[in-house]
Amino acid sequence: MMAQVNKGKWHPETGYTYICWRCNGSGGNGQCCDCYGLDYNRIMQEFRTARGKRYYALLKAALSIKGLKIYTEVKAFRDQKGKLSPADLCRLSIEYGFPPNRVKPFAEWLEETGIIPSGIYQYLQRRGFKPMKVMDKLGLIS
Ligand SMILES: [Zn+2]
C-alpha cells in the first residue's frame, strides 16, 4: 500500500510530485478518470468509492495538489499543540475532502511523511477508533 504511494516523490519543501500514468499529466481535458485534470473536488468525489489501481491514482493526484498544504498545516498544528488527537485527525481529513472511509489513507500518508508517528493509525484502530463515529460526534458530517 505504502509502496504504491511512494511511486510519487515527496519532499517537505516542494511537496508531492506525481505524473498521472494514464494521461501522462495532460489531464485529458479534465476527463482523465485517474486525475480529472487535477480538479481536486472531482478527484475527492471519486476517491470515496474508487477501488484498486484507480484508488491509488486518485490519491496520488490529490496529494500532488494538496499534499504540501496538508503537511504544512499538520506540521504547524503539531508544533503548536505537540500532537494530533484522533479528533484533530478527523477534522483535518474532512477539511481536505477525505470522507470518513478515507481517513486511513490520509493518516497513513502523514505517517509516511514522518509528520506523525509511523503506525499510529493502526494503533488507533486497535483501540477502537471509528472515524465515522468521531466525525458524527463532532458534527463534521451530516
Ligand atoms: Zn490523468
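This tour moves through one loop and then to a pair of helices in a predicted model.

**The loop before α2**

Please begin by selecting the loop between β2 (15-17) and α2 (40-47), where Asn 24 is found. Asn 24 has a positive phi of about 55 degrees, although it is not a glycine. Such a value merits attention because most residues other than glycine have a negative phi. Asn 24 is exposed, since 10 other C-beta atoms lie within 10 Å, and 12 or fewer is the limit for that class.

Next, select Tyr 36, which is placed in the loop between β2 and α2. Tyr 36 also is not a glycine, and its phi is positive, at about 45 degrees. Is Tyr 36 buried or exposed? Tyr 36 counts as buried, because it has 23 C-beta neighbours inside 10 Å and the class begins at 20.

**The helix pair**

Now display α2 together with helix α3 (residues 52-81). The axes of these helices come within 10 Å and cross at roughly 145 degrees. The crossing of α2 and α3 is left-handed.

To view the contact itself, select on the α2 side Tyr 40, Ile 43, Met 44, Glu 46 and Phe 47. On the α3 side, add Leu 58, Leu 59, Ala 61, Ala 62, Ile 65 and Lys 66, which these residues of α2 meet. Colouring the selection by residue class shows what the contact contains: 9 nonpolar residues, 2 charged ones and no polar ones.

Key
Residues numbered from 1 in each chain as written. Predicted model: local features only at pLDDT ≥ 70, side-chain atom pairs only at ≥ 80, totals over all residues. Helix = DSSP H or I, 4+ residues; strand = E, 2+ residues; numbered from the N terminus. Axes fitted to C-alpha atoms, helices over the stretch in contact; angles between N-to-C directions. Left-handed = near helix turned anticlockwise from the far one by under 90°. Contact = placed C-beta atoms within 7 Å. Nonpolar A, V, L, I, M, F, W, Y, C, P; charged D, E, K, R; others polar.
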